[in-house]
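Work through the exercises below with the sequence and the structure beside you, and try each task before you read its solution.

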Amino acid sequence: MSGWTLITVVLVAQLILLAILLLPMPDILKNSVISVLNKLQKPMYLLLIILTALVGTTTVDMWREERNYQELHAATIEGTTAPGLDIGKSMLLHNLKWRAERNFNLVAFAWALTAVLLRCHAVLSRELKLTADLNQLIIVHKALEARVGQSVINSPSAVKRADTRDEKKEVSANITVAKDKNSPKISVDASVKKDS
């Protein structure tokens, strides 16, 4: 397998991963995809470094082939080369220039896809963490509501009702959250004190 075939295989694999990441999916499937990407994260950073070096190399190669092609083209226009040799050399330089441009485009696209995949992985990991934290806060909020007997989060209408009754309530809560692999364990101690 040649190096450019390997780059093409990497491109196809990256496109498949990106398509999977961009599709809407349930949290269970999203968790498994993120765990696979967590395992691939270090190799992807290594791939990004290698592709950065290849982008530099192919840029220099493309610039050199373009310069050679333009020098031959300028010499042909000036008439300083033999007409019979121009066609073969021109085709050869044109093919070399095309190959250098193709190599640059392949490597640059692979580099961009690697950067996009790493960013999508970071965003999805953060989203899963925030979703888990939100679910945990919802559980804590429901436990507090059940313990206190009213909504812990005061809406403007609830505050207005409390002000018109001239009744003050002091709610104190002690929340303990212990994380477990399957579900969080929550204990809530709450007390309500009424002042007149």
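## Exercise 1: A lysine in a helix

Lys 97 is found in helix α3, and the model in which you see this residue is a predicted one.

**Task.** Decide whether Lys 97 is buried or exposed, and find which residues Lys 97 touches beyond those up to four places away in sequence.

**Solution.** Begin with the relative accessible area of Lys 97, which is 13%. A residue counts as buried when this value is under 20%, and Lys 97 is therefore buried. Next, set aside the residues up to four places away in sequence, and look at what Lys 97 still touches, namely Glu 65, Glu 66 and Tyr 69.

## Exercise 2: Salt bridges of the lysine

**Task.** Describe the salt bridges that Lys 97 forms with Glu 66 and with Glu 101, and say where in the chain each partner lies.

**Solution.** Take Glu 66 as the starting point: in its salt bridge with Lys 97, the closest N and O atoms are 3.5 Å apart. Because Glu 66 belongs to helix α2 whereas Lys 97 belongs to helix α3, this pair ties together parts that are 31 residues apart in sequence. Glu 66 has a relative accessibility of 23% and counts as partly exposed, while Lys 97 is buried.

Now turn to Glu 101, whose side chain meets that of Lys 97 in a salt bridge with an N to O distance of 3.6 Å. Since Glu 101 and Lys 97 are four residues apart in helix α3, about one helical turn separates them. A general rule helps here: an α-helix has 3.6 residues a turn, so residues three or four places apart point the same way. Glu 101 counts as partly exposed, at 26% relative accessibility.

## Exercise 3: Other salt bridges

**Task.** How many salt bridges does the structure hold, and which residues are linked in a network of them?

**Solution.** The structure holds six salt bridges. Lys 129 and Asp 133 form a salt bridge whose closest N and O atoms are 3.2 Å apart, and both residues lie in helix α3, four residues apart, which is about one turn of the helix. Lys 129 is partly exposed at 46% relative accessible area, and Asp 133 is partly exposed at 27%. As for the network, Asp 61, Arg 64 and Glu 65 are the residues linked by salt bridges.

## Exercise 4: The buried side of a helix

**Task.** Check the length of α1 against its expected span, and find where around the axis its buried residues lie.

**Solution.** With 20 residues at 1.5 Å a residue, α1 should span 28 Å, and this agrees with its end C-alpha atoms, which are 28 Å apart. The buried residues of α1 are Ile 7, Val 10, Leu 11, Gln 14, Leu 18 and Leu 21. They cover an arc of only 105 degrees around the axis, so they are on the same side of α1.

## Exercise 5: The nonpolar core

**Task.** Which members of the largest nonpolar core touch the most other members, and which element gives the most to this core?

**Solution.** The largest nonpolar core has 21 residues, of which Leu 11 and Leu 21 touch the most other members. Two or more residues come from each of α1 (3–22), α2 (27–78) and α3 (83–148), and α3 gives the most, with nine residues. To follow one member, leave aside the neighbours of Leu 21 within four places in sequence; Leu 21 is then in contact with Val 33, Leu 37, Leu 117, Cys 120 and Leu 124.

## Exercise 6: The whole chain

**Task.** Describe the pattern of helices and strands along the protein chain, and state what share of its residues count as buried.

**Solution.** The protein chain has four helices and two strands, which follow the pattern α-α-α-α-β-β along the sequence. Of its 196 residues, 20% count as buried.

Key:
Residues numbered from 1 in each chain as written. Predicted model: local features only at pLDDT ≥ 70, side-chain atom pairs only at ≥ 80, totals over all residues. Heavy atoms only, no water. Core = buried A, V, L, I, M, F, W, Y, C linked by side-chain atoms within 4.5 Å. Buried < 20%, exposed > 50% of the residue type's maximum accessible area, 1.4 Å probe, protein only. Contact = heavy atoms within 4.5 Å. Expected span 1.5 Å × (residues − 1). Arc of directions from axis to C-beta. Salt bridge = Lys/Arg side-chain N within 4 Å of Asp/Glu carboxyl O.
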